[in-house]
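User: I would like to learn how to read the features of a structure like this one, starting from general ideas and then turning to the particular case. Could you take me through it?

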Amino acid sequence: MSKTELNIFNILVLSIPFFLITGPFLADLALSASCIFFLIYIVRERKFVLLKDNYFFLFMFFYTIVIISCLQSDYLDKIFIKNIFYFRFGIFLLLIKYLINYDKKFIKNLKNILLFTFILLFIDSLIQFILGKNILGFSNPPGRITSFFGDESVLGSYILRLCPLLIALIFLSEKSKYKSFFILLLSFVIIVISGERASIFLFLLFLSILFLIWKYDIKKKLIFLFAFVILTSTSFAIIIKNNESAKFRLIDQTLSQINFNYKNNKPYYKEIEVNGKPRALARNDTLLPLQYTLYFETSKKIFLDNLIFGSGPKSYRYISQTDDYLLIRTHAAFLDRPKDFNYPGFTNIKSSNTHPHNIYFQLFSETGLFGGLFIFSIFIYISLILFFSKVSFEKKIILISLFFNLFPFITSGNFFNNWISILYFYPLGILYLKKNN
């Protein structure tokens, strides 16, 4: 490969983490273009040996399941084109492997780009948190901070999924525990003010796993833990105390949804004032929030009716709206609401959506036993390597990112969404890193 071609590939691949903060279009365009050029290079130079790769073979096996699931779906005309180009993520893995092996500066450059992006998001998020608008004038939704992501509440998810990768790259290139500590604290603050509760939970889990696998002696571990607990607790308390919307979402709404603060007591709802505006807390009569309960019930029924290959990837948005699967319910809190209670929210909750907000409910309902069990087995394999193998500390940190991506017991985005898929496959590609890199 010529130096010019290598530079083009580097620019395209290294730009993707930054492009992700603008939305899926530019990031997916850079990924798709790089994969097309790489395929042209493989064919032109007859480098078919580059396709002989275990990760790639596993990916193509899953891709085959995806295509078969599409072909037998009742929604073939709607979903086939959306899924046929999914193979590009497998090519992307091979491209990252190639860049790691043939460009010694790739890892250092990736670290610098991620570091710049994280600091930029931190500054912009604080500006939006304090002033109500970011540097581009984007307002934030109630109880959320979204920074450059605008209407999409994915800031916390972005930081969560790339933070382990950045920490691993710092250890690989600098061995700086102080810079790593700074990134962890910065990431925690961003995730908390983002208001994404799933991301907060997974980040705390990340810190717990990091503490377990960290190879320093117990004294240094305890010092690190104590310092981080003090700083994160102080940061969390300051954020909650000074922002009513953050408190409402992270504290009041969470306690309400798990029936903690007024279970089995009347009234079945509470109306509180947040930043001068009325907000209502509904009592749940389900174990999980009603919205997610309906998603999961519908996806379970879809799976049982389409056991082997599911209803087809990306078909939930269509099949969940049909009479056979659509569920509509209202919170118990609002069944007996007084006439003067005019709050419009939390009523007529529907199970229809673009996806069921959990990757395994989605995979089993859309790709059946074959797709669901395949991805779950990958999760089990990653878990075993993470906790019981002797792979390098840096690779274990990257594996934590993959562990989060496939973690079953949390709400999640659309597994086949382009933006999320890039965040899934980018860290996976870095696992090709060898000791001498």
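Analyst: What follows goes through helices, a hairpin, backbone angles and the surface in turn. Please keep in mind that this is a predicted model.

User: Let us begin with helix H2; how many residues does H2 have, and what span does it reach?

Analyst: Helix H2 runs over residues 24–44, which makes 21 residues, and from its first C-alpha to its last it reaches 30 Å, close to the 30 Å expected at 1.5 Å a residue.

User: Which residues of H2 are buried, and against what do they pack?

Analyst: The general idea is that an α-helix has 3.6 residues a turn, so residues three or four places apart point the same way. In H2 the buried residues include Ala27, Ala30, Leu31, Ser34, Cys35, Phe38, Tyr41 and Ile42. Those buried residues of H2 pack against three helices, namely H1 (3–19), H5 (88–102) and H16 (418–430).

User: How would the reading go for helix H12, and what covers its buried residues?

Analyst: Helix H12 (residues 290–305) has 16 residues, which should span 22 Å at 1.5 Å a residue, and this agrees with the 23 Å between its end C-alpha atoms. Among the buried residues of H12 are Leu290, Leu294, Tyr295, Phe296, Ile302 and Phe303, and their cover includes helix H13 (316–319), strand E3 (328–329), strand E4 (349–350) and H14.

User: Turning to strands, in what sense do E1 and E2 pair, parallel or antiparallel?

Analyst: As background, in a regular strand the side chains alternate between the two faces of the sheet. Here strand E1 (residues 269–274) pairs with strand E2 (residues 277–282) in the antiparallel sense, over six bridges, and tyrosine 269 stands opposite alanine 282 in E2. The two strands, E1 and E2, form a hairpin with two residues between them, and in that turn asparagine 275 has a positive phi of about 55°.

User: How should a positive phi be read, and where do arginine 46 and histidine 357 lie?

Analyst: Most residues other than glycine have a negative phi. Arginine 46 has a positive phi of about 55° although it is not a glycine, and it is placed in the loop between H2 and helix H3 (54–71). Histidine 357 likewise is not a glycine but has a positive phi, of about 65°, and lies in the loop between E4 and H14.

User: Is each of these two buried or exposed, and why?

Analyst: Arginine 46 counts as exposed because its relative accessibility is 67%, which is over the 50% cut-off. Histidine 357 is buried because its relative accessible area is 17%, and that value is under the 20% limit.

User: Which residues make the nonpolar surface patch, and which helix gives the most to it?

Analyst: The nonpolar patch, of about 610 Å², is made by Leu212, Phe376, Ile380, Leu384, Phe387 and Phe388. Helix H14 (residues 359–388) gives the most to the patch, with five residues. Phenylalanine 388 lies in helix H14 and is exposed, with a relative accessible area of 67%.

User: Finally, where does lysine 215 lie, and which residues does it touch?

Analyst: Lysine 215 lies in the loop between helix H9 (197–213) and helix H10 (218–242), where it is exposed at a relative accessible area of 58%. Leaving aside residues up to four places away in sequence, lysine 215 touches Phe393 and Glu394. The C-alpha atoms of lysine 215 and lysine 301 are separated by 46 Å, these residues being 86 residues apart along the chain.

Definitions and conventions: Residues are numbered from 1 along each chain as its sequence is written. This is a predicted model: local features need pLDDT of at least 70, side-chain atom pairs count only at pLDDT 80 or more; totals for chains, interfaces and linings use all residues. Side-chain values use heavy atoms; hydrogens and water are left out. Helices (H or I, at least four residues) and strands (E, at least two) are DSSP runs, numbered from the N terminus. The expected span of a helix is 1.5 Å times one less than its number of residues. Buried means under 20% relative accessible area, exposed over 50%, partly exposed in between (1.4 Å probe, protein chains only). Contact means heavy atoms within 4.5 Å. Patches are made of residues with over 30% relative accessible area and no salt bridge: like charges are joined within 9 Å, nonpolar side chains (Val, Leu, Ile, Met, Phe, Trp, Tyr) within 5 Å. Accessible areas come from the Shrake-Rupley method with a 1.4 Å probe; for residues, only the protein chains shown count as cover. A salt bridge is a side-chain nitrogen of Lys or Arg within 4 Å of a carboxyl oxygen of Asp or Glu. Two strands pair if DSSP finds at least two bridges between them.
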